[in-house]
Structures are given as structure tokens and as C-alpha cells.
Amino acid sequence: MFLQYIFLFMFYCANAYPVPMTTTFATTTFAPTTFATTTFAPTTFAPTTFAPTTFAPTTFAPTTFAQDIPIVVLHGIASSAPNMDVLSEWLENTFDREVFNIEIGNGVQNSVFMPLHKQLDILCDTIYDIPELQDGFDFIGMSQGGLLARGYLENCNGYPVRNLINLASPNGGVVEYTSLNMYSDFNQEHLSISGYWRDPLELDEYLNKCSYLPFLNNERMHQLSTHYKERIISLKNYIVIWSPFDDVINPPESAKFSFFDEEYNIIPLRETLLYKEDTLGLRTLDEDNRFHIYETNCTHVQHRDPVCFMQLYEILDKYLALFRKVQQK
């Protein structure tokens, strides 16, 4: 689970151990989490209005792309660019595309302890510092990196995203039992996971105090809501990849924009208001056959490892090898 990632990282810091560049989470078996139905005590913090990110709307770039536009890969929480090297090299060799494996700040530490809206600022600057991306690129975000990749699309996108691909990303939020108040001002500013913590028993707290996902999903309307929807609809394809064997995201179905109701039953995407009212543009994409949901049998971390590459190839070949196939005809 996400909190286990965080606690393991804090253990390293507290004992002055260097954080390993290659994590070993993939070999760890986590016991299934049983959720208690206890009601959390009301927070004593006054409601705080979190302003949406301050990126000014930019003019949409032309939708024509060079034949060999690059791929950008972004790591998730408690991770860094070196953890994505194997996946990036496989993408480059398999699809004959230039791949930029980028990092948020200093990687592992910032990915855990920096709020997502600040990580997004860094991400946009990082992308704009790569001139090879100015004509467009395909964006692959792993886990939390998928939320940041979508944040780039919705807020920045001066170098336009053609295909957005989420690998096991918590698009519907995450939750698990904890004594921490994830909606406190302190945690919202110091734990990235709090930015997409969606407690089904505290939905008002989530909507009013969670600083990232309610805005990103247009669950809380704001001055850029229409702009966000237009950016989603501008995609050539939006691909989300999930696994029922995901041992980190809870619920695993969050990767396909599903989430818990108050009794911890899964609300399927097409039964959510997000989809039915088309507040984010997912229904528009879906009806135009540009929103695609795929399932693997990989664990969470395996989506970046060779054990999952055959399954990923069957999915990604439809979108990343398009121009190569055209050239071969």
C-alpha cells in the first residue's frame, strides 16, 4: 500500500540510510487490507479553499505531429527516474522512439513529501526545458506519475500531449485505514498522497480540503474547469491500464476512475457522475472511441518490469507503433 511505501522511506531517513536507487518493493508481498467502517473524528481545522494551480491557460498547439515524436516517461511515488530505466529502454528499442525518462526534483524524496501542485510546477518546467518535445509527445505516467502527467495536460501542455497513457495510476483516489488526518493543512502540504486521498466516509472533507484530485477530476468546479475538459478532449487517445492484482492502489479499480461508495462497494466508472455528466470529458472521449481501458494481471510495480512487457506490448503497440506501421505499408 502507499502508506507502506512512505513509512519505509521515512525509516530510511530516520536511520540515515541512503535511499536505494532501485527499490525492492516488487518482491514484497503485502497482505490484503481490511477496511474498518469506523467514522473518523471530524477535523478541527477551518475549511481551507485551495486555489487551482496558477498556470495560465495556453493556446492549444496544432494537432498535427511529426512522425517520430518522442515518448516521455514519469515515475511514481517513492521512486525516481532510475527505477524507470528498464521500461524506458524497452520502449525505445521496441517502438523505435526517442524516450525521455524524467524526474520530479530529486526523485524519491520530493515524490513523497512535496505536494502535487508543487511537483506539477517542476514537471511543467522540466518538460519545457526539453526542446525536442515542443512538437508534441506521448506521455506515460506510472502510478502517481500518471496524475502528474494528466496535470501537465490540463494545466500546461505548451508542448502538446498526443496520447496520454496511465500505468496503474490512482485516477479515482486512494484510501486505507490510518489514524492520520490526511486532510489536515500539514499533511496536504507535506504528503503527496494526501492530494488524492479520497475517503468515502469523508467526501465533504475530500472535496473541500484535498488540494489536487478534486480539481484535476473537475469534481470541484473552479475557474479552469472548462479548460481542463477541453484539454482532455484534445487527446488523440487516453489509455488507462489497471490490474485487479494491484497491491498498492486501493481500490485497484481507481486506475480506471472507479472508487468506493460509503459502504466500500466499487462504483463503476460509467455509473459515476464524473462520467454521466461528462464533467471531465471522459464520456466524450469514450463515445468517440478515444478512451481505452485495459487490464493486466501484473502487480503494481511489475508494470515497469520485464515480467509485464509482453502484456504491455499488446496494448501499447496500438498507439506507440502507429507511424512505424504506416511507413511499413
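Trainee: Which helices each supply at least two residues of the lining of the largest pocket?
Mentor: Helices α7 and α10 do so. Helices (H or I, at least four residues) and strands (E, at least two) are DSSP runs numbered from the N terminus. A pocket is an open set of points on a 1 Å grid over the protein atoms alone, with protein on both sides within 12 Å along at least five of seven lines, and a cavity is a set where a 1.4 Å probe fits but cannot get out; lining residues have an atom within 4 Å of a point.

Trainee: What kind of model is this?
Mentor: The model is predicted, and local features need pLDDT of at least 70, side-chain atom pairs count only at pLDDT 80 or more, and totals for chains, interfaces and linings use all residues. Residues are numbered from 1 along each chain as its sequence is written, and side-chain values use heavy atoms, with hydrogens and water left out.

Trainee: Back to the largest pocket: how much space lies in it?
Mentor: The largest pocket holds about 250 Å³. That volume is the space filled by probe spheres set on the grid points, which are joined across faces, edges and corners.

Trainee: Which residues line the largest pocket, and how do they divide by class?
Mentor: Among the lining residues are Arg198, Leu203, Leu207, Glu219, Phe259, Leu274 and Glu277. By class, the lining has six nonpolar, three polar and three charged residues. Here Ala, Val, Leu, Ile, Met, Phe, Trp, Tyr, Cys and Pro count as nonpolar, Asp, Glu, Lys and Arg as charged, and the others, Gly among them, as polar.

Trainee: And how many cavities are found?
Mentor: Searching the whole structure gives two cavities of 30 Å³ or more. The second largest cavity has a volume of about 40 Å³. Its lining includes Gly172, Gly173, Val174, Pro200 and Pro251. Arg198 and Phe259 line this second largest cavity, and both names also appear in the lining of the largest pocket. In the lining of the cavity, five residues are nonpolar, two polar and one charged.

Trainee: Helix α7 came up earlier. Which side chains meet in a salt bridge at 3.8 Å?
Mentor: Those of Glu205 and Lys209 do, N to O. A salt bridge is a side-chain nitrogen of Lys or Arg within 4 Å of a carboxyl oxygen of Asp or Glu. The two residues are about one helical turn apart, because four residues separate them in helix α7, residues 203-209.

Trainee: Do they count as buried or exposed?
Mentor: Glu205 is buried at 18% relative accessibility, and Lys209 is buried at 2%. Buried means under 20% relative accessible area, exposed over 50%, and partly exposed in between (1.4 Å probe, protein chains only).

Trainee: With which residue does Asp286 form a salt bridge?
Mentor: Asp286 pairs with Arg270, their closest N and O atoms being 3.0 Å apart. This pair links distant parts of the chain, 16 residues apart: Asp286 sits in helix α11 (residues 282-287), and Arg270 in the loop between β7 (266-267) and α10 (273-276). Arg270 is partly exposed, at 45% relative accessibility.

Trainee: How many salt bridges are there by this rule?
Mentor: The count comes to ten. One of them joins Arg290 to Asp288, with the closest N and O atoms 2.6 Å apart. Arg290 is buried, with a relative accessible area of 16%, whereas Asp288 is partly exposed at 45%. In addition, Arg97, Asp138 and Arg162 are linked in a salt-bridge network.

Trainee: Changing topic: which residues of the largest nonpolar core touch the most other members?
Mentor: Of its 55 residues, Leu123, Phe139, Tyr152 and Leu282 do. A nonpolar core is a set of buried Ala, Val, Leu, Ile, Met, Phe, Trp, Tyr and Cys residues joined through side-chain atoms within 4.5 Å. Leaving aside neighbours within four places in sequence, Leu282 is in contact (heavy atoms within 4.5 Å) with residues including Ile232, Tyr238, Phe257 and Phe291. Another core, of 24 residues, lies apart from the largest one, and Met84, Ile165, Ile239 and Ala321 are among its members.

Trainee: Finally, where does Ile249 lie?
Mentor: Ile249 is in the loop between β5 (237-242) and β6 (259-260), and it is buried at 1% relative accessibility. Ile249 and Ala168 are 81 residues apart in sequence, yet 7.8 Å apart in space, C-alpha to C-alpha.

Trainee: And how many helices and strands are in the protein chain?
Mentor: The chain has 13 helices and eight strands. Buried residues make up 57% of its 329 residues.
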